[in-house]
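Please open the model in your viewer and keep the selection tool at hand. The stops below are meant to be taken in order, each beginning with something to select.

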Amino acid sequence: MHSFTPPHRTLLGPGPSDISPQVLQALSRPTIGHLDPLFIGMMDEVKELLKYAFQTDNEFTIALSAPGSAGMEACFVNLIQPQEKVIVCRNGVFGERMRENVVRCGAQAVVVDDEWGTEVSLHKVQHVIDANPDAVAIAFVHAETSTGAISDAEAIAKLAQENDMLVIVDAVTSLGGVPLYVDKWGLDAVYSGSQKCLSCTPGLSPLTFSPKAIAKIQSRTTPIQSWFLDQSLVLGYWSGEGKRSYHHTAPVNSLYALHEALLMLKNEGLENAWQRHEQMHQLLKQGLTQLGIEFVVEEGQRLPQLNAIYIPSGVDDGDVRQRLLNDYNLEIGAGLGELSGKAWRIGLMGYGARKENVALCLHALQQVLR
Ligand SMILES: *Cc1c(COP(=O)(O)O)cnc(C)c1O
């Protein structure tokens, strides 16, 4: 056996995305104790940088030491009690995962179903809210990575607020890639992932709870069933004036990497990052159109950072992706769930959203499809 030396791939799938050398370098800096005062100072900066990325003043804004799916689970196990009713919007794989979480909390999920590849329908949401005024929360995916559709988070949140429901949002793929305003839109519990548009190593989940969400946790009458994800225990670790109590060992080096990735986002500016994703999407779209390739999602509901496209007829899905990987060191994503074998997913996320990557992808696709 030898040391593992991976090849240098260009990652244009649904995540993990390409990581900048600057972030990889941060990852390899010396490990220090996770209760070292210098490390605690860095964690405070990570919180500040996350508040900027989320556009929130929420006191409770942290990076969970686990991937995006754990961020999802943390929202449900903390905010939802058994027997409560939660409205879940399902227009792809991750909406279904949210529903499963609700059920596993012993709560009741009322599902709003929309076609894969379309946005969450506001009309249907309104209808389900009217029929279920006793629901305590509404949950939806802002950017459905499985289909490439974006939903109107601001408008869904507004409908929920008019009925005093908590708003739980999956922003795993949206954070850093498209406009997301946690405070302005009144979102109560929002989780993300480190490996999509933040272009950091996988395994961390940015998470923010509004004061209303914290109040809901504090008013619980039943214990949170997960010890690790019980955020009232984690709170003492991520806050407390200079004095932190041990909860679990922080992934020290991964947090260096997240700090660096967030710093890069701050230096670029959120609005500029959003604009860059949109510009790269337009470039890719032009090229794909010339190749005669069609998008799964209608114009106006498309995510710039995740382009779901139909596989041209007569083309072998696995064969093409294999050749892109072997001949061009290029990874694109397969279709997921209902779109398996029917679509590809080209991610232009974070550091990956660059002109040279768009050019490589178009060139390689053209050659392989020929
Ligand atoms: C990737 C993704 C997740 C899951 O994140 P993991 O880090 O893979 O656990 C959840 N929701 C959406 C929308 C995603 O794209």
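A residue is called buried when its relative accessible area is under 20%, exposed when that value is over 50%, and partly exposed in between. Keep in mind throughout that this is a predicted model.

**Stop 1: a surface patch**

Select Phe-228, which sits in the loop between helix H8 (211-218) and helix H9 (231-238). Because its relative accessible area is 31%, Phe-228 falls in the partly exposed class. Now add Trp-227 and Leu-233 to the selection: together with Phe-228 they make a nonpolar surface patch of about 300 Å².

**Stop 2: the two domains**

Next, colour the chain by domain, with domain 1 covering 10-16 + 270-369 and domain 2 covering 21-266. The contact between them draws on 25 residues from domain 1 and 31 residues from domain 2. If you place a marker at the C-alpha centre of each domain, the two markers will lie 26 Å apart.

The size of an interface is often given as the accessible area lost when the parts come together. Here the area buried between domain 1 and domain 2 is about 2300 Å², with carbon and sulfur atoms giving 65% of it. On the side of domain 1, select Leu-270, Trp-274 and Gln-301, the residues that lose the most area to domain 2 and that together account for 30% of what that side buries. A search for salt bridges between domain 1 and domain 2 will return a count of zero.

**Stop 3: salt bridges**

Side chains of opposite charge can pair when their charged atoms come close. The structure as a whole holds 17 salt bridges, and a few of them are worth showing as sticks.

Begin with Glu-96 and Arg-90, whose side chains meet in a salt bridge with an N to O distance of 2.8 Å. Glu-96 has a relative accessible area of 22%, and is therefore partly exposed; Arg-90, at 22% relative accessibility, also counts as partly exposed. Extending the selection to Arg-99 and Asp-113 shows a network of salt bridges that links these two residues with Arg-90 and Glu-96.

Move on to Arg-276 and Glu-268, which form a salt bridge whose closest N and O atoms are 2.7 Å apart. Glu-268 is partly exposed, at 27% relative accessibility. Then select Glu-299 and Arg-302, a salt bridge in which the closest N and O atoms are 3.8 Å apart; Glu-299 is exposed, since its relative accessible area is 53%.

**Stop 4: helix H11**

Select Leu-283 in helix H11 (residues 270-290), a residue that counts as partly exposed at 30% relative accessibility. Which residues is Leu-283 in contact with, leaving aside its neighbours within four places in sequence? They are Lys-355, Val-358 and Leu-362. A distance line drawn from the C-alpha atom of Leu-283 to that of Ala-359 spans 8.7 Å, although the two residues are 76 residues apart along the chain.

**Stop 5: from strand E1 to a cis peptide bond**

Go to Thr-10 in strand E1 (residues 10-12). Is Thr-10 buried or exposed? With a relative accessible area of 14%, Thr-10 is buried. Not counting residues up to four places away in sequence, Thr-10 touches Asp-18, Asn-329, Leu-330, Glu-331, Asn-357 and Leu-360.

Follow the chain to Pro-16, in the loop between E1 and helix H1 (21-27), and inspect the peptide bond from Gly-15 to Pro-16, which is cis with omega near 5°. From there select Gln-195, in the loop between strand E9 (189-191) and strand E10 (205-209), whose contacts beyond four places in sequence include Gly-15, Pro-16 and Ser-17, as well as Cys-200, Thr-201 and Pro-202. Gln-195 counts as buried, at 13% relative accessibility.

**Stop 6: two positive phi angles**

Finish with two glutamines. Gln-55, in the loop between helix H2 (37-54) and strand E2 (60-64), has a positive phi of about 55° although it is not a glycine, and at 26% relative accessibility Gln-55 counts as partly exposed. Gln-83, in the loop between helix H3 (68-79) and strand E3 (85-90), is likewise not a glycine yet has a positive phi of about 80°; with a relative accessible area of 70%, Gln-83 is exposed.

Definitions and conventions. Residues numbered from 1 in each chain as written. Heavy atoms only, no water. Patch = residues over 30% accessible without salt bridge, like charges linked within 9 Å, V, L, I, M, F, W, Y side chains within 5 Å. Areas by Shrake-Rupley, 256 points an atom, 1.4 Å probe, with all protein chains shown as cover. Salt bridge = Lys/Arg side-chain N within 4 Å of Asp/Glu carboxyl O. Helix = DSSP H or I, 4+ residues; strand = E, 2+ residues; numbered from the N terminus. Buried < 20%, exposed > 50% of the residue type's maximum accessible area, 1.4 Å probe, protein only. Domains from an automatic or database assignment. Contact = heavy atoms within 4.5 Å. Buried area = accessible area lost by both parts, 1.4 Å probe.
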